[in-house]
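Biologist: Please put the model on screen, and let us go through its fold together.

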Amino acid sequence: MADGVTAEVVRALEPAGIPCILLKGPALARWLYDEKDVRTYVDCDLMVAPENITGAENVLSERGFRLSGFDSIEGDWPKHARTWFREDSGNVDLHHTLVGVGVSDAELWELLSSRTERMHVLGAEVEVLTVAGRALVLALHAAKDGPRVEKVRRDLAKALERVPVNVWREAAELAARLNASPGFAAGLRLLPEGRELARRLNLPSELRMEAALRMSGGPPPLAAGLEWMANEPGLRRRVALAFRKMFPPRAYLRTWTPIARRGPLGLAVARAWRPFWVIWHLGPAFLAWRRARRAVKRSGSEQG
């Protein structure tokens, strides 16, 4: 079904003149796994140029997709993608960047879109990254989700087993151009074989906060938001963000908890419970944020 959604959306974007790149799904499964192996995926990860985000979202809306409620808080901390759902369980993550990349969305698109090849997905011709680009995406994905998602670690192990060093070296060079070397290295170092490869490639030991927060099984709720809020200028903006987190819009609440989808009373219960939930999770989030900050500082000292 995910392949069907991919083919449908890619075909719908073509008349609108919107090129896209399929980042994961079949692009990883066919590359890393034999036919007898099973590598499941349930969504479609597509990247488009920054100037085409609005057009691509309009196409998705016309195809019956709606934006995830988690993306409905105005002025929330910036994410690497926005998720679109449909009633038939269709799921599209529309990317404008990748976690761990330090260049602008336009620079990222320019570099990645010049490194693609074609793949057939249910009869549709889809652009996917070349092997070095896929290796980069895989390592950055490992830094993001690998500590808490076993499937991501299994993908990384397969790639470390199958991909030759010269391709990893090309991926490392691409990471350097994208100011993504710390995230690339952090992803590889999740596994012993990856740590050895990172050593051979002379990758930096420096950590960034997005990777440090995820090192111990993934960040607890609110931890990533704390990091973003800590870097926001001005007390007024920080207070406004905290208020929006405690009292988010209805679309967010309905995605956040099933209770909010049980009519007006359920929505009222969810709205009343939300501030207590935020306060309850602030302590663990703050501790995780502090640990991550210390890890980043230590890695900087080691790098020096």
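The questions and answers below cover strands, helices, the core and a few single residues.

Biologist: What kind of model is this?
Modeller: Local features are taken where pLDDT is at least 70. Side-chain atom pairs count only at pLDDT 80 or more. The model is predicted.

Biologist: Start with the strands. How many residues of strand E2 are buried?
Modeller: E2 covers residues 44-48. One side carries Cys 44, Leu 46 and Val 48, the other Asp 45 and Met 47, and all are buried. The strand is therefore largely enclosed by the rest of the structure. The count is 5 of the 5 residues.

Biologist: In which sense do E2 and E5 pair?
Modeller: The two strands are joined over 4 bridges. Leu 46 has Leu 94 in E5 as its bridge partner. The sense of the pairing is parallel.

Biologist: Which residue in E2 is the bridge partner of Cys 20?
Modeller: Strand E1 spans residues 20-22 and pairs with E2 over 3 bridges. That pairing is antiparallel. The partner of Cys 20 is Val 48.

Biologist: Which residue in the turn of the E4 and E5 hairpin has a positive phi?
Modeller: E4 pairs with strand E5 (residues 91-95) over 5 bridges in the antiparallel sense. Arg 82 is matched with Leu 94 in E5. The hairpin has 5 residues between its strands, and phi is about 75° at one residue of the turn. That residue is Ser 89.

Biologist: Is Ser 89 buried, partly exposed or exposed?
Modeller: Ser 89 sits in the loop between E4 and E5. Its relative accessibility is 49%. Partly exposed runs between 20% and 50%. Ser 89 therefore counts as partly exposed.

Biologist: Which residue in E4 stands opposite Arg 66?
Modeller: Strand E3 (residues 66-67) and strand E4 (residues 81-85) run antiparallel. They are joined by 2 bridges. Opposite Arg 66 stands Phe 85.

Biologist: Is Asp 93 buried or exposed?
Modeller: Asp 93 is found in strand E5. Its contacts beyond four places in sequence include Cys 44, Leu 46 and Arg 82. Its relative accessibility is 14%, and buried means under 20%. Asp 93 therefore counts as buried.

Biologist: What separates the C-alpha atoms of Asp 93 and Cys 44?
Modeller: These residues are 49 residues apart along the chain. Cys 44 is also among the contacts of Asp 93. The C-alpha separation is 6.0 Å.

Biologist: Now the helices. Which helix gives the most to the largest nonpolar core?
Modeller: This core has 45 residues, and Leu 98, Leu 112, Trp 168, Leu 178, Phe 184 and Leu 188 have the most contacts inside it. Helices that each supply at least two residues include H2 (26-32), H4 (105-113), H5 (131-145) and H6 (150-162). One helix gives the most, with 8 residues. That helix is H5.

Biologist: Which tryptophan is in contact with Phe 184?
Modeller: Neighbours within four places in sequence are left aside. Among the contacts of Phe 184 are Leu 136, Leu 140, Leu 201 and Leu 203. The tryptophan is Trp 168.

Biologist: Is H5 roughly parallel or roughly antiparallel to H6?
Modeller: The two helices pack at an angle of about 150°, with axes 9 Å apart. Angles over 145 degrees count as roughly antiparallel. H5 is therefore roughly antiparallel to H6.

Biologist: What is the handedness of the crossing of H5 and H6?
Modeller: H5 makes the contact through Leu 138, His 141, Ala 142 and Asp 145. H6 brings Val 152, Asp 155, Leu 156 and Ala 159. The crossing is left-handed.

Biologist: Which arginines does Glu 232 touch?
Modeller: Glu 232 lies in the loop between helix H11 (223-230) and helix H12 (235-246). At 12% relative accessibility, Glu 232 counts as buried. Residues up to four places away are not counted. The arginines are Arg 237 and Arg 238.

Biologist: Is Asn 202 buried or exposed?
Modeller: Asn 202 is in the loop between H9 and helix H10 (209-212). Its phi is positive, near 55°. Relative accessibility is 67%, and exposed means over 50%. Asn 202 therefore counts as exposed.

Definitions and conventions:
Residues numbered from 1 in each chain as written. Heavy atoms only, no water. Core = buried A, V, L, I, M, F, W, Y, C linked by side-chain atoms within 4.5 Å. Buried < 20%, exposed > 50% of the residue type's maximum accessible area, 1.4 Å probe, protein only. Contact = heavy atoms within 4.5 Å. Pairing = 2+ DSSP bridges. Axes fitted to C-alpha atoms, helices over the stretch in contact; angles between N-to-C directions. Parallel < 35°, antiparallel > 145°, perpendicular 65-115°, else oblique. Left-handed = near helix turned anticlockwise from the far one by under 90°.
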